[in-house]
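Take a moment to get the model on your screen and turn it around a little. We'll go through it one spot at a time.

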Amino acid sequence: MYQQVTHPCIQHKLALIRDAGTDHKMFRELATEITMFVCYEALKNIRVREVDVETPLAVAKCRVIDEHIVVVPILRAGVGMLDGILSLIPSARVGFIGLERDEETARPSAYYAKMPPQIRGGISIIVDPMLATGGSTVAAIDMLKAQGANRIVVVCIVTCPEGLAAVEAAHPDVSIYAAAVDSMLNERKYIVPGLGDAGDRLYGTA
Ligand code: PRP
Ligand code: URA
């Protein structure tokens, strides 16, 4: 299952983040803001429990989040989404997966993984701005499941039909939330129109 979050506030920020003239400082700010909007939607069904809260006047029946939430950015571009999701759920734990796509083959190779034990029983939210061929996301889900995660959600900024199909084929139980579903991949397996190389644009390494 995938959902594109089409709110006008996100679409406006997408127009800005796609612009080749947007510098790395503004790119980072926009990535944070878009992440907050997409994650807001992705988290709408998490479990809550009732608590009583004493206001200055009376007791209010309130609801608080009742799940362990583990955010898993895929290094390095996924780190650009971390502040956005942690501002929504400051108590979330964070795991990291290091994956790098080969420039020639576009196949990912793993170089790092460190997960909190709460991936077992909690919800793991993989964040990465780009879901292109889907190879990196599928590899990240494989790694999480191998460590016992069984409730996984993916949040990205831009994806495309090939990437969505690859994740759906390998992991039909995983939901994907995106701000944009673009038309295609080019011959270098970049999303078109996309927003370019997200890691380079976030960190000024282009
Ligand atoms: C980018 C992006 C994803 C991956 C998407 O990372 O952040 O992780 O490519 O491509 P895929 O869906 O075809 O696997 P990259 O490997 O360029 O590394 P970086 O984040 O360190 O720049
Ligand atoms: N990685 C990126 O950063 N951008 C793409 O379009 C594809 C992979």
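D66 counts as partly exposed, because its relative accessibility comes to 30% and the partly exposed class lies between 20% and 50%. Keep in mind that this is a predicted model. You'll find D66 in the loop that links β3 (59–65) with β4 (69–75). Now look for A77: it sits 11 residues away from D66 in sequence, yet the two C-alpha atoms are 29 Å apart in space.

A77 brings us to ligand 1. A backbone N or O atom of A77 lies 2.9 Å from an oxygen atom of ligand 1, and R76 makes a similar kind of contact, with a backbone N or O atom 3.0 Å from an oxygen of the ligand. From S136 comes a polar side-chain atom, 2.5 Å from an oxygen atom of ligand 1. Taken alone, ligand 1 would expose 500 Å², and the protein buries 91% of that.

What else surrounds this ligand? There are 14 residues around ligand 1, and those that come nearest are R101, D128, A132, T133 and S136. By character, the shell splits into five nonpolar, five polar and four charged residues. At least two shell residues come from each of β6 (96–101), β9 (130–131) and α4 (135–146). As for the place itself, ligand 1 sits in the largest pocket.

Ligand 2 sits in the largest pocket too. Around it you'll see R101, M130, A132, K189, Y190, I191, G196, D197 and A198, a shell of five nonpolar, one polar and three charged residues. Which atoms of I191, G196 and A198 reach ligand 2? For I191, a backbone N or O atom lies 2.8 Å from an oxygen atom of the ligand. For G196, a backbone N or O atom lies 2.9 Å from a nitrogen atom of ligand 2. For A198, a polar backbone atom is 2.8 Å from an oxygen of ligand 2. On its own, ligand 2 exposes 240 Å², of which the protein buries 88%.

Next, a few backbone oddities. Most peptide bonds are trans, and most residues other than glycine have a negative phi. The bond from L75 to R76 is cis, though, with omega near 0 degrees; R76 belongs to the loop between β4 and α3 (82–88). Another cis bond runs from V192 to P193, with omega near 5 degrees, and P193 is in the loop between β15 (191–192) and α6 (198–203).

Phi has its surprises as well. K189, one of the residues around ligand 2, has a positive phi near 65 degrees although this residue is not a glycine. Its loop joins β14 and β15, and K189 is partly exposed because its relative accessible area is 37%. A106, also not a glycine, has a positive phi of about 65 degrees. Is A106 buried or exposed? Its relative accessibility is 6%, so A106 counts as buried, the cut-off being under 20%. You can spot A106 in the loop between β6 and β7 (108–114).

One last stop is D182, in the loop between β13 (180–181) and β14 (184–185). With a relative accessible area of 7%, D182 is buried. A polar atom of the D182 side chain lies 2.7 Å from the backbone nitrogen of G194.

Key: Residues numbered from 1 in each chain as written. Chains lettered and ligands numbered in written order. Predicted model: local features only at pLDDT ≥ 70, side-chain atom pairs only at ≥ 80, totals over all residues. Heavy atoms only, no water. Near = heavy atom within 4 Å. Polar contact = N/O pair within 3.5 Å; in protein donor to acceptor, adjacent residues only side chain to side chain. Areas by Shrake-Rupley, 256 points an atom, 1.4 Å probe, with all protein chains shown as cover. 1 Å grid on protein atoms, 1.4 Å probe; cavity = no way out; pocket = protein on both sides within 12 Å on 5 of 7 lines; lining within 4 Å. Sits in = over half its atoms within 2 Å of the grid points. Nonpolar A, V, L, I, M, F, W, Y, C, P; charged D, E, K, R; others polar. Helix = DSSP H or I, 4+ residues; strand = E, 2+ residues; numbered from the N terminus. Buried < 20%, exposed > 50% of the residue type's maximum accessible area, 1.4 Å probe, protein only.
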